[in-house]
Amino acid sequence: MKAVQIDEFGGPDVLQVRDIPVPVPGPGDALIDIHSATVNPADWKSRNGGYAKPPEGFFPHTLGRDFSGVVSALGNDAEGLKVGDEVYGVTPQGADGAYAETICIGADLVGLKPFSVSHDQAAALALTTLTAMIALEDTAHLAAGQRLLVQGGAGGVGSIGIQIAHHIGAHVITTASPGNHDYVTGLGADEVIDYNTTDFTEALSDIDVVFDTVGGEVHTRSYSVLKPGGKVVWIGGQPADFSNPRDDVEVLRPNVQRARRFMDRISDFITKGVIKTPEMQFMGLDDIRAAHELSATGHVRGKIVLKVR
Ligand SMILES: NC(=O)c1ccc[n+]([C@@H]2O[C@H](COP(=O)([O-])OP(=O)(O)OC[C@H]3O[C@@H](n4cnc5c(N)ncnc54)[C@H](OP(=O)(O)O)[C@@H]3O)[C@@H](O)[C@H]2O)c1
């Protein structure tokens, strides 16, 4: 089967498209023929060696965190699925493997894909919704009427965060460049700040929750807009020397776990019409170097979807 692997950490040149054997499902595993996968910033951060030192035997490593496809075989004791089921999911951190025609993954980590969305849409909604849902619902406990600032509303996670927060009944403010203002307003943002021309720290105050998907200096500056007792939920990365400048706010890092129960919650959002798919740009496994370069610009609107078959 075709897969994108790395044999070492480095720039886009280390990405290799090659044929590798189809994996064999072990106990509890599902073998899934992937139709669509997506490119996440985590992929090029992994490729660069930006995460913890990998274990012995890590290379060759197949990248790719989320996917949608069809179950082609099941290992012993794999529960809740049958061959032919359309499923989608997110791979465990460090395992990856979705940039491939077939993936072997714990059956208990994937969920049934709602019929109302295509494989492309399901893949585009997987890690983005998992992250935004756990950040806003399970970590920040965002409530109706609260004022939320989503840093980076036009991105993959931000575009879902806006929709979930709008559904909860929060007042949603987001930062985006001007070309994305109509896009984020269409997703449910009540106010949009052009971060190129407006300093959000001067425009905003009394914020209950900041959902920071951008990180760096945006993260550091986000604290001043919070009301006492407010919360920062961050996924974008704190600066290396960061320390919380306020003792009257909470700093929360969501624990983005993988499990079928989370995929089922995402499916519930989809079938109830709470979330629609972020804008998609389509590429293939053969385009992976260009796809990584595009993602690394930090200005993709919505999701890059890899059409695998
Ligand atoms: N912890 C986890 O489990 C987890 C899970 C998923 C993602 N993440 C991390 O979360 C971050 C976001 O992921 P993503 O998939 O949403 O990324 P993405 O799709 O690449 O989002 C990039 C977006 O950020 C916006 N942006 C860039 N600079 C900005 C600024 N200064 N102010 C406001 N918006 C800005 C861009 O919009 P404009 O073009 O309008 O600037 C673009 O749409 C990444 O660092 C990723 O690694 C963590």
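The following exchange goes through some labels used for this predicted model.

Colleague: What makes a local feature count here?

Modeller: The model is predicted, and local features need pLDDT of at least 70, side-chain atom pairs count only at pLDDT 80 or more, while totals for chains, interfaces and linings use all residues. Residues are numbered from 1 along each chain as its sequence is written.

Colleague: Why is Asp206 called exposed?

Modeller: A residue is exposed if 12 or fewer other C-beta atoms lie within 10 Å of its own, buried if there are 20 or more, and partly exposed in between, with C-beta atoms placed from the backbone. Asp206 has 10 other C-beta atoms within 10 Å, so Asp206 is exposed. Asp206 also has a positive phi of about 60° although it is not a glycine, and its place is the loop between helix 5 (200-203) and strand 12 (207-212). Helices (H or I, at least four residues) and strands (E, at least two) are DSSP runs, numbered from the N terminus.

Colleague: Why is His141 called partly exposed?

Modeller: His141 has 13 other C-beta atoms within 10 Å, and therefore counts as partly exposed. His141, not a glycine, has a positive phi of about 50° and is found in the loop between helix 2 (119-139) and strand 9 (147-151).

Colleague: How do you know that strand 12 and strand 13 pair?

Modeller: Two strands pair if DSSP finds at least two bridges between them. Five bridges join strand 12 to strand 13 (residues 226-234), and the two run parallel; Val209 stands opposite Lys231 in strand 13. Strand 13 is also joined to strand 14 (residues 250-252), by three bridges and again in parallel, with Val232 opposite Val251 in strand 14.

Colleague: What makes the unit of strand 12, helix 6 and strand 13 right-handed?

Modeller: A crossover is right-handed if, with the strands pointing away from the viewer, the path from the first strand over the helix to the second runs clockwise. Strand 12, helix 6 (residues 217-222) and strand 13 make a right-handed β-α-β unit.

Colleague: Which domains does the assignment give, and how many residues of each are in the contact?

Modeller: The bounds, from an automatic or database domain assignment, give domain 1 (2-125 + 258-307) and domain 2 (126-252). Two residues are in contact if their C-beta atoms, placed from the backbone, lie within 7 Å; the contact takes 22 residues from domain 1 and 16 from domain 2. On the side of domain 1 that touches domain 2, strand 6 (86-90), helix 2 and helix 7 (260-271) each supply at least two residues.
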